[in-house]
Amino acid sequence: MAPNTIPTAVPVAVEKDNKRITTGWTFYDWANSVYPLVITSSIFPIYWSSVVKEVTGTDSGKTPVDFLGMSIPGTSLQNYSVSAAFLIIALISPLLTALADFSGRKKLFLQVFCYIGAASCAGLFFFEPSTFTLGVFVFIMATIGFSGSIVFYNSYLPDISSEEKFDSLSARGFSMGYIGSVVLLVLCLILIQGPTLSGTPLFGLTTAKATQYSFLLTGLWWAGFAQIPFATLPTDPGRPAGAASDSGWVLNGFRELGKVWEETKKQPNLKRFLLAYFTYNMGVQTVMYVATLFGSEELGLDTTALIITILLLQIVGILGAYLFAKLSERIGNTRALSWAVFIWMLICVAGYFVQAGWSFYALASVIGLTMGAVQSLSRSTYSKIIPENTPNSAAYFSFFDVTEKVGIVIGLVVFGGISQLTGGNMRYSILALIVFFILGLYFLLKLRGRKLREDAPGADGALPGPTPAAPVGGRPATIQ
């Protein structure tokens, strides 16, 4: 072998719809979904607010804190930290996924980002007022690990499943994530709030220390259960022998990225869907990231009410993922997505008027119902649009991931900016998100009635002329 030749994996035929493989794949959702629930949505945001209050000596998490010489409201700093992490991933993931596709190391990249995220979650055990600045960077690394691993995980869906099962398998994965994260959240809550018979905290821990241990448990859960998909997911074949050149990993990665970019230019439906996904998902993800802060700072909900709400979101999310998967079988993916996005428009209006009490729980139930639906259907719809059996699945999903991450960055910056301009009033920020959903619905409607997959790559990765879409159920596949 020439010194600079990139070693490639031996091509291995992957059996689609293999129960062992698909079940193992869903367990990564079980493993990593504890991050968005415990760290993004529930325990960590509440803990973040308490640390900000202690750092500033005030009773509000909105109070500006000193961070690297800048005075930033505590709630906005958390949003900006997430935005920074996603921006980093958006910049590096296209190159990394192209390298992974070319070299046959998709699973390795998944593992690396998984361990970065899990180790950083565990590192939040040391996050306290005296380590506030360092803790912010550890939080950013946890977010990078989570978002970086997702792109490689999602790219396995078209590799291991037949197209007619994309929707149901994607929904199953999200449902596994909801269930697993709820299990860990309950365990963490028992640790944090469960009193012993004597009325003292469990194991003699203070609430703050028990909360820090919950971050450690999150990292251990994530890394531990990830061993199931790592053991069952197939080896990525990479390029055939002789496909590698002497130009090195990085240059070949850029070449692969360039190939995929040229392919996407010839797939108008893919571009239309990415544009729709970029806009409506911008709103969905922003709401999910700020929901806990909105409840605590805007509505004044106590910790118990917030946790009940978050558990409600997860449970209803399971139902929503399956219901909309069934709906997509009857009316088509984009029609089902369009209904979900329309409901999100109504959520924005309701969010402006919502008050603590029954109206808040009712709104949370609707959010949970459509939250899982949008995420699950978006992933499976994209899998149906990209070229069938493409060797560049990870690179294709990097465009999906970049679209999501850039959208989240813009959404959180817009949300934080409007909140900052209105004196910390998040209601105006929630209402403003309706613009993203209106645009998303408009672009989704432009996809209705079109063929699902217009082009497929040739053996050398070049796109031939338009070919008929693969039949599903005896009829040409279409987006409806």
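Student: In which helix is the place of Thr264?
Tutor: We're looking at a predicted model, so keep that in mind as we go. The helix you want covers residues 249-265, and Thr264 falls inside that stretch. Its name is α11.

Student: Is Thr264 buried or exposed?
Tutor: Let's go by its relative accessibility, which is 6%. The cut-off for burial is under 20%. With 6%, Thr264 therefore counts as buried.

Student: Which residues does Thr264 touch, not counting residues up to four places away in sequence?
Tutor: Two of them, Leu270 and Lys271, come soon after α11 ends at residue 265. Phe399 is another, and that one is 135 residues away from Thr264 in sequence, with 9.5 Å from C-alpha to C-alpha. Put together, the list for Thr264 is Leu270, Lys271, Tyr396 and Phe399.

Student: How do the axes of α12 and α14 cross, and at roughly what angle?
Tutor: Helix α12 takes in residues 268-298 and helix α14 takes in residues 333-353. Their axes come within 11 Å of each other. The crossing of α12 and α14 is left-handed. As for the angle between these axes, it's roughly 40°.

Student: Is α12 parallel or oblique to α14?
Tutor: Start from the crossing angle of roughly 40°. Angles under 35 degrees would count as roughly parallel. The angle here is not in that class, so α12 is, relative to α14, oblique.

Student: Which residues in α14 meet α12?
Tutor: On the α12 side, the residues taking part are Phe273, Tyr280, Val284, Val287 and Phe294. By class, the whole contact has eight nonpolar residues, one polar and no charged. Their partners in α14 are Leu337, Val341, Trp344 and Gly351.

Student: Which residues is Met345 in contact with, leaving aside neighbours within four places in sequence?
Tutor: Met345 belongs to α14, and with a relative accessible area of 14% it is buried. One of its partners, Leu441, is 96 residues away in sequence, yet the two C-alpha atoms are 9.4 Å apart. The full set for Met345 is Ile434, Phe437, Ile438 and Leu441.

Student: How far apart are the end C-alpha atoms of α13?
Tutor: First work out what to expect: α13 has 29 residues, and at 1.5 Å a residue it should span 42 Å. The distance in the model agrees with that. Between the end C-alpha atoms of α13 it comes to 40 Å.

Student: What follows α13, and what is its phi near?
Tutor: Right after α13 comes Gly332. Its phi is positive, near 100°.

Student: Which residues is Gln314 in contact with, leaving aside neighbours within four places in sequence?
Tutor: Gln314 is part of α13, which runs over residues 303-331. It has a relative accessible area of 8%, so Gln314 is buried. The residues in contact with Gln314 are Leu37, Tyr178, Ser181, Val182 and Met371.

Student: Which residues of α2 meet α3?
Tutor: Helix α2 (residues 34-41) and helix α3 (residues 43-56) have axes 3 Å apart and pack at about 20°, which makes α2 roughly parallel to α3. Their contact divides into six nonpolar residues, two polar and no charged. Ile43, Phe44 and Pro45 stand on the α3 side, and the α2 residues they meet are Leu37, Val38, Ile39, Thr40 and Ser41.

Student: What relative accessibility does Ser214 have?
Tutor: Ser214 lies in α9, residues 207-225. Leaving out residues up to four places away in sequence, it touches Ile43, Cys188, Leu191 and Ile192. Ser214 counts as buried because its relative accessibility is 0%.

Student: What value is the phi of Leu68 near?
Tutor: Most residues other than glycine have a negative phi. Leu68 has a positive one. You'll find Leu68 in the loop between β1 and β2, and at 54% relative accessibility it counts as exposed. The phi of Leu68 is near 55°.

Student: What about Asp17: what is its positive phi, about?
Tutor: Asp17 isn't a glycine either. It sits in the segment before α1, and its relative accessibility of 29% makes it partly exposed. Its phi is about 65°.

Student: How many of the residues of the protein, as a percentage, count as buried?
Tutor: Zooming out, the protein has 18 helices and four strands. It has 480 residues. The part of them that counts as buried is 58%.

Conventions: Residues numbered from 1 in each chain as written. Predicted model: local features only at pLDDT ≥ 70, side-chain atom pairs only at ≥ 80, totals over all residues. Heavy atoms only, no water. Axes fitted to C-alpha atoms, helices over the stretch in contact; angles between N-to-C directions. Helix = DSSP H or I, 4+ residues; strand = E, 2+ residues; numbered from the N terminus. Parallel < 35°, antiparallel > 145°, perpendicular 65-115°, else oblique. Left-handed = near helix turned anticlockwise from the far one by under 90°. Contact = heavy atoms within 4.5 Å. Nonpolar A, V, L, I, M, F, W, Y, C, P; charged D, E, K, R; others polar. Buried < 20%, exposed > 50% of the residue type's maximum accessible area, 1.4 Å probe, protein only. Expected span 1.5 Å × (residues − 1).
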